[in-house]
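Visitor: I would like to go through the labels used for this model and hear the reasoning behind them.

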Amino acid sequence: MKSFDYLADRLDALAEQHRLRRLVPRNVMGASLLDASCDSLINFGGNDYLGLAANLTTAEIATGSTSSALVCGWTVLHEQLAQRLAVLESTEAAVLFPSGYAACSGTIATLAEPGDLILSDQLNHASLIDGCRLSAAECVVYPHRDFHFVADVLAKQRERFHRVWIVTDGVFSMDGHIAPLVELCDVADRFETHMVVDEAHGTGVLGRSGSGVCEALGVKHRVAIRIGTLSKAVGCQGGFVAGPKLVVDYLINRCRSLIFSTALAPAAVMASMTAIESFERESHRRVRVQRLARELRRRLSLRASCDLEASVPIVPIVLGDDRHTMEVSARLARAGYFVPAIRPPTVPPGTSRLRISLSALHTDAMLDGLIDTLSNLMKRSE
Ligand SMILES: Cc1ncc(COP(=O)(O)O)c(C=O)c1O
């Protein structure tokens, strides 16, 4: 009765489907990584879009915050970073979370209450999905980017609900798609609903000041609540929510993933502040990574739905079959390129893919090499 053999059976089943995952020790160093056998590969797998993650901190700042933000884990540095993020996002206030996952899941779970409706994009990140699951509100998952569907649901059912929350990734993490935020904001205005956008892959990369996709699409003032992470283009760790002061104050008082978790480490706060100041000051990293993204799509003949989407540094190559995708990823690694294979349940069954992530650190030669290697591999597997 006490054995864990049933778990072994489940892991065996995953292995048979080519879906077993393992933690592999890798050492990321700028645009390269050392894999488990100490071979150096060019890294096309991380989310360090601006190349800021490998910056070394020189200041002597504490590594631990010792407690929850509400006890004594919130320092002057936390306060300064929160204010800086509110300025970046042009909101009244912002608050820091231990991770983007905690920010997304906690915010939705806290704000959407019984009697409310959440409309959530089918391809939203797991952290938003888990927020919907934790919330006591009703949830309708709408087909990916289908704002007509959202409008239809609201036309038929708006009156049944107290508040309605339209929840979407700004940039979809596994597809590099951009959410139709202008159209969703129009629907939100028509039916008096709140918009919540996860800017995880937009922050630092898109928009004139680098605040993300809401800025790039001109809807910053129409999306009241924006969630972000410090772990991707900011190159660090942690999450944040930016929005009206009332919302931020309410989260500070009620959001369990904020209250019942140790606050961000001061060292992470300091490093995030430095990174945000640098991308606000200089746009060259953002310009470079966007150029690489457009170039890669053009040379692989991959279509994007609009110019903005063509600049997103997440470029998936959908191969479909799990095993085949693993094999192509392994062959790329043998040729010196780390390009992760993404399989279900992270993506829908039948859509396993290579997910190429670009960084401002990639040189033109690195990109050329990846494209040549990929093209040769694809030709051979045809
Ligand atoms: C779209 C999206 N939202 C939220 C998160 C969670 O952020 P974090 O890694 O800081 O927990 C991620 C990270 O994978 C993401 O891709």
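Guide: What follows takes the labels in turn, for a model that is predicted.

Visitor: Why is E309 called buried?

Guide: Buried stands for under 20% relative accessible area. E309 has 3% relative accessibility, so E309 counts as buried. The residue is found in helix α13, residues 307-310. Leaving out residues up to four places away in sequence, E309 touches R145, G176, H177, I178, R297 and A304.

Visitor: What makes F4 exposed rather than buried?

Guide: The label exposed needs over 50%. F4 is at 59% relative accessibility, and therefore counts as exposed. F4 is found in the segment before α1 (5-16). Together with Y6 and L7, F4 makes a nonpolar surface patch of about 320 Å².

Visitor: And why is V28 called exposed?

Guide: V28 has a relative accessible area of 51%, and the cut-off is over 50%, so the label exposed applies to V28. V28 is found in strand β1 and touches L33 and N43, not counting residues up to four places away in sequence.

Visitor: How do you know that R84 and E277 form a salt bridge?

Guide: The test is a side-chain nitrogen of Lys or Arg within 4 Å of a carboxyl oxygen of Asp or Glu. For the side chains of E277 and R84 the N to O distance is 3.4 Å, so the pair meets the test. E277 lies in helix α11 (residues 266-281) and R84 in helix α3, so the pair ties together parts that are 193 residues apart in sequence.

Visitor: Which other salt bridge does R84 form with a residue of helix α11?

Guide: The side chains of R84 and E280 meet in a salt bridge at 2.6 Å, N to O. With R84 in helix α3 and E280 in helix α11, this pair ties together parts that are 196 residues apart in sequence. E280 is partly exposed, at a relative accessible area of 28%, and R84 is partly exposed at 26%.

Visitor: What makes E89 and R226 a salt bridge, and are they buried or exposed?

Guide: The closest N and O atoms of E89 and R226 are 2.7 Å apart, and the limit is 4 Å, so the two form a salt bridge. Both E89 and R226 are buried. A search of the whole structure finds 19 salt bridges. E295, R298, R299 and D368 are linked in a network of salt bridges.

Visitor: What makes the pairing of D198 with the ligand a polar contact?

Guide: A polar contact is a pair of N or O atoms within 3.5 Å. An N or O atom in the side chain of D198 is 2.5 Å from a nitrogen atom of the ligand, so the pair is inside the limit. For H201, a polar side-chain atom lies 2.6 Å from an oxygen atom of the ligand. For S231, the distance from a polar side-chain atom to a ligand oxygen is 3.1 Å. The protein covers 83% of the 390 Å² of accessible area that the ligand has on its own.

Visitor: Why are H18 and the bond from P344 to P345 singled out?

Guide: Most residues other than glycine have a negative phi, and most peptide bonds are trans. Phi of H18 is near 60°, a positive value. The peptide bond from P344 to P345 is cis, with omega near 5°. P345 is placed in the loop between β13 (341-342) and β14 (352-357).

Technical notes:
Residues numbered from 1 in each chain as written. Predicted model: local features only at pLDDT ≥ 70, side-chain atom pairs only at ≥ 80, totals over all residues. Heavy atoms only, no water. Patch = residues over 30% accessible without salt bridge, like charges linked within 9 Å, V, L, I, M, F, W, Y side chains within 5 Å. Areas by Shrake-Rupley, 256 points an atom, 1.4 Å probe, with all protein chains shown as cover. Helix = DSSP H or I, 4+ residues; strand = E, 2+ residues; numbered from the N terminus. Buried < 20%, exposed > 50% of the residue type's maximum accessible area, 1.4 Å probe, protein only. Contact = heavy atoms within 4.5 Å. Polar contact = N/O pair within 3.5 Å; in protein donor to acceptor, adjacent residues only side chain to side chain.
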